[in-house]
Amino acid sequence: LSAAFKIRLDVEDHGWARFSVAEGGNAFETGGVSYLTDALGDLVRAATDLVQGSDRCAVSFDGEPVETRLMLERVSVADLRLRVLQFEDINRTSPTDQGDEMFSAIMPIDAFARAVLREADRIGGGEPGVAAYERSWTQPYPARDIEALRTARKV
């Protein structure tokens with residue numbers, strides 16, 4: 001289960017990205033994720049919160065006009081349920097039950113955290129690299145948040 005989980009954020013030109021998650025044969029991908037949210041930083045901070053004991057977190061990506069919302073909820077001491085919901089309008093006040101569920105999987109919290117770290121390292125380490133990420137995404141690479149996640153996993 002945990003080895004099969006993948007998360008990817010492909011930063012494209014001019015502040016746009018593609019986001020995908022996959023677990024086994026279950027997958028979801030969306031384009032048009034906007035720089036108006038700190039997609040990578042928000043993912044890293046949510047993973048850190050879960051590793052440190054939070055029961056639930058949400059991460060929202062603006063897609064102009066679609067909102068993609070990741071709902072992360074602890075289902076046991078070690079596991080979480082990840083749901084990806086989409087809403088027709090960017091409106092974080094929309095109740096969760098009004099979104100269309102596009103993906104759902106249960107996985108170890110540490111598997112989610114490892115996948116987020118792998119993706120952050122891929123983005124910062126060469127593809128596209130910190131400078132290219134910051135230029136395309138117009139936001140700073142979340143280096144401190146990434147280190148906080150590494151530290152939280154070691155505790």
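**Exercise 1. Place Asp38 and describe its surroundings.**

Step 1. Find the element. Asp38 sits in the loop that joins strand 3 (26-34) to helix 1. The model is predicted.

Step 2. Is Asp38 buried or exposed? Its relative accessible area is 16%. Buried means under 20%, so Asp38 counts as buried.

Step 3. Look for a polar partner. The side chain of Asp38 makes a polar contact with the side chain of Arg45, at 3.0 Å.

Step 4. List the contacts beyond four places in sequence. Asp38 is in contact with Arg45, Tyr133, Trp137 and Gln139.

**Exercise 2. Describe how helix 1 packs on helix 2.**

Step 1. Choose the descriptors. A pair of packed helices is described by the angle between the axes and the distance between them.

Step 2. Read both values. Helix 1 (residues 39-51) and helix 2 pack at about 150°, and their axes are 9 Å apart.

Step 3. Classify the angle. Angles over 145 degrees count as roughly antiparallel, so helix 1 is roughly antiparallel to helix 2.

Step 4. Give the hand. The crossing of helix 1 and helix 2 is left-handed.

Step 5. Name the residues. Helix 1 contributes Leu40, Leu43, Val44, Ala47, Leu50 and Val51. Helix 2 contributes Ile109, Phe112, Ala113, Val116, Ala120 and Ile123.

Step 6. Sort them by character. The contact of helix 1 with helix 2 has 12 nonpolar residues, no polar and no charged.

**Exercise 3. Do the same for helix 1 and helix 4.**

Step 1. Read the geometry. The axes of helix 1 and helix 4 come within 9 Å and cross at roughly 20°.

Step 2. Classify the angle. Angles under 35 degrees count as roughly parallel, so helix 1 and helix 4 are roughly parallel to each other.

Step 3. Give the hand. The crossing of helix 1 and helix 4 is left-handed.

Step 4. Name the residues. On helix 1 they are Val44, Arg45, Ala47, Thr48 and Val51. On helix 4 they are Asp145, Ile146, Ala148, Leu149, Ala152 and Arg153.

Step 5. Sort them. The contact of helix 1 with helix 4 divides into seven nonpolar residues, one polar and three charged.

**Exercise 4. Complete the set with helix 2 and helix 4.**

Step 1. Read the geometry. Helix 2 (residues 109-125) and helix 4 (residues 143-154) have axes that come within 11 Å and cross at roughly 145°.

Step 2. Give the hand. The crossing of helix 2 and helix 4 is left-handed.

Step 3. Name the residues. Asp110, Ala113, Arg114, Val116, Leu117, Ala120 and Asp121 of helix 2 meet Ile146, Leu149, Arg150 and Arg153 of helix 4.

Step 4. Sort them. The contact of helix 2 with helix 4 holds six nonpolar residues, no polar and five charged.

**Exercise 5. Take a closer look at Asp121.**

Step 1. Place the residue. Asp121 is in helix 2.

Step 2. Judge exposure. Asp121 has a relative accessible area of 34% and is partly exposed.

Step 3. List its contacts. Leaving out residues up to four places away in sequence, Asp121 touches Tyr141, Ile146 and Arg150.

Step 4. Compare sequence and space. Asp121 and Tyr133 are 12 residues apart in sequence, and their C-alpha atoms are 12 Å apart.

**Exercise 6. What sets the backbone of Thr138 apart in sign of phi?**

Step 1. Check the angle. Thr138 has a positive phi of about 55°, although it is not a glycine.

Step 2. Place the residue. Thr138 lies in the loop between helix 3 (130-137) and helix 4.

Step 3. Judge exposure. The relative accessibility of Thr138 is 51%. Exposed means over 50%, so Thr138 counts as exposed.

**Exercise 7. Trace the contacts of two strand residues.**

Step 1. Start with Met71, in strand 5 (residues 67-74). Not counting residues up to four places away, Met71 touches Cys57, Ala58, Arg81, Leu82, Arg83, Leu85 and Thr96.

Step 2. Check one distance. Met71 and Cys57 are 14 residues apart along the chain, with C-alpha atoms separated by 6.2 Å.

Step 3. Move to Ser20, in strand 2 (residues 16-23). Ser20 is buried, at 19% relative accessible area.

Step 4. List its contacts. Beyond four places in sequence, Ser20 touches Lys6, Ile7, Arg8, Phe28 and Glu29.

Step 5. Check a long sequence separation. Ser20 and Val84 are 64 residues apart in sequence and 10.0 Å apart in space, C-alpha to C-alpha.

Conventions. Residues numbered from 1 in each chain as written. Predicted model: local features only at pLDDT ≥ 70, side-chain atom pairs only at ≥ 80, totals over all residues. Heavy atoms only, no water. Axes fitted to C-alpha atoms, helices over the stretch in contact; angles between N-to-C directions. Helix = DSSP H or I, 4+ residues; strand = E, 2+ residues; numbered from the N terminus. Left-handed = near helix turned anticlockwise from the far one by under 90°. Contact = heavy atoms within 4.5 Å. Nonpolar A, V, L, I, M, F, W, Y, C, P; charged D, E, K, R; others polar. Parallel < 35°, antiparallel > 145°, perpendicular 65-115°, else oblique. Buried < 20%, exposed > 50% of the residue type's maximum accessible area, 1.4 Å probe, protein only. Polar contact = N/O pair within 3.5 Å; in protein donor to acceptor, adjacent residues only side chain to side chain.
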